[in-house]
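Hi there,

Here is the structure you asked about, with the sequence alongside. Have a look at it first, and then read on for what turned up.

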Amino acid sequence: MIKSDTIRFFLIGLGIVAVQILLFKNLRIFDGEVDLVLIYLIWLSTKKGKTESLILTAILALFQDAFSDLWGLHMFSKTLTIFILHSYLNRISENRFIFWQVFLIILAVAFLHNLIFLVLTMFSEVYASGYVFWSLMLAGTLMTAVIGSFLHLVRTDR
């Protein structure tokens with residue numbers, strides 16, 4: 001049976017996917033983009049159990065893939081990242097972190113996600129340039145960590 005809060009988290013996730021595709025896909029610095037969906041999935045992992053988090057992650061990442069024409073790459077990389085880190089994220093969610101600690105946690109999660117994503121793109125040969133490697137690994141990871149840390153500062157669920 002599906003709970004109403006699961007539906008609410010799913011609808012919020014769809015809204016975040018829409019914002020990611022419509023707004024953040026075009027806001028690039030050094031050709032790196034913020035992965036707002038990953039930030040939401042990190043937060044979701046601290047609120048939900050592993051099975052529910054993985055199912056919501058897979059569905060939301062599939063929607064992100066559908067709109068960015070990268071069928072399955074985001075879905076596999078985000079699901080694997082949440083699968084690997086869920087117990088850690090859930091365990092540390094009880095702690096109160098300061099800005100730089102949140103920044104480092106999100107930086108590590110984004111780095112792992114982008115590394116998995118790039119390994120997948122090597123096998124599928126979606127990106128053929130070494131520039132994409134540096135823009136995704138450095139600029140994308142740093143921008144995701146900065147925006148995620150900022151969202152942690154201004155959140156209202158304290």
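**Salt bridges**

Asp35 and Lys78 join through their side chains in a salt bridge, with 2.8 Å from N to O. This pair ties together distant parts of the chain: Asp35 sits in the loop between strand E2 (32-33) and H2, while Lys78 belongs to helix H4, 43 residues apart. Are these two partners buried or exposed? Asp35 counts as buried because its relative accessibility is 8%, and Lys78 is buried too, since its relative accessible area is 0%. Please keep in mind that this is a predicted model.

How many salt bridges are there by this rule? The count comes to three. Another of them is between Asp5 and Lys48, where the closest N and O atoms are 2.6 Å apart. Here again distant parts of the chain are linked, with Asp5 in helix H1 (residues 4-24) and Lys48 in the loop between H2 and H3, 43 residues apart. Asp5 has a relative accessibility of 26%, so it counts as partly exposed. Lys48, with a relative accessible area of 7%, is buried, because buried means under 20%.

Lys48 also meets Glu52, side chain to side chain, in a salt bridge of 3.5 Å from N to O. Through shared partners, Asp5, Lys48 and Glu52 are joined into one network.

**Helix H4**

Lys78 brings us to H4, so to speak, as one of its buried residues. The helix covers residues 73-92, which makes 20 residues. From its first C-alpha to its last it reaches 28 Å, close to the 28 Å expected at 1.5 Å a residue. Where is H4 kinked? The kink is centred on Leu85 and is about 55°.

Along H4, the buried residues are Leu73, His74, Ser77, Lys78, Thr81, Ile82, Leu85, His86, Leu89 and Ile92. Leu85, at the centre of the kink, is thus on the buried list as well. When you look at how that list is spaced, it helps to recall that an α-helix has 3.6 residues a turn, so residues three or four places apart point the same way. The cover over the buried residues of H4 includes helix H2 (36-47), helix H3 (50-68) and H5.

**Trp71, in the loop before H4**

Trp71 is placed in the loop between H3 and H4. With a relative accessibility of 57%, Trp71 counts as exposed, because the cut-off for exposed is over 50%. What does Trp71 touch, not counting residues up to four places away in sequence? Its contacts are Leu62, Asp65 and Ala66. Leu54 is 17 residues from Trp71 along the chain, and their C-alpha atoms are separated by 18 Å.

**Glu33 and Ser149**

Glu33 is part of strand E2 and is partly exposed, since its relative accessible area is 22%. Leaving aside neighbours within four places in sequence, Glu33 is in contact with Gln20, Phe24, Lys25, Leu27, Arg28, Gly140, Met143 and Thr144. Glu33 and Ser135 are 102 residues apart in sequence, and 8.7 Å apart in space from C-alpha to C-alpha.

Ser149 lies in helix H6. At 0% relative accessibility, Ser149 counts as buried, because that is under 20%. Setting aside residues up to four places away in sequence, Ser149 touches Phe99, Val102, Phe103 and Ile106. The C-alpha atoms of Ser149 and Gln101 are separated by 8.9 Å, with their positions 48 residues apart along the chain.

**A nonpolar patch on the surface**

Which residues make the nonpolar surface patch of about 760 Å²? They are Ile98, Phe99, Trp100, Leu104, Phe150, Leu151, Leu153 and Val154. Helix H5 (99-124) and helix H6 (130-154) are the elements that give two or more residues to the patch. H6 gives the most, with four residues. Leu104, one of the patch residues, lies in helix H5 and counts as partly exposed because its relative accessibility is 42%.

Do write back if you would like to go through any of this together.

Best wishes

Notes
Residues numbered from 1 in each chain as written. Predicted model: local features only at pLDDT ≥ 70, side-chain atom pairs only at ≥ 80, totals over all residues. Heavy atoms only, no water. Patch = residues over 30% accessible without salt bridge, like charges linked within 9 Å, V, L, I, M, F, W, Y side chains within 5 Å. Areas by Shrake-Rupley, 256 points an atom, 1.4 Å probe, with all protein chains shown as cover. Salt bridge = Lys/Arg side-chain N within 4 Å of Asp/Glu carboxyl O. Buried < 20%, exposed > 50% of the residue type's maximum accessible area, 1.4 Å probe, protein only. Expected span 1.5 Å × (residues − 1). Bend = angle between axes of the 7 residues up to and from the residue. Contact = heavy atoms within 4.5 Å.
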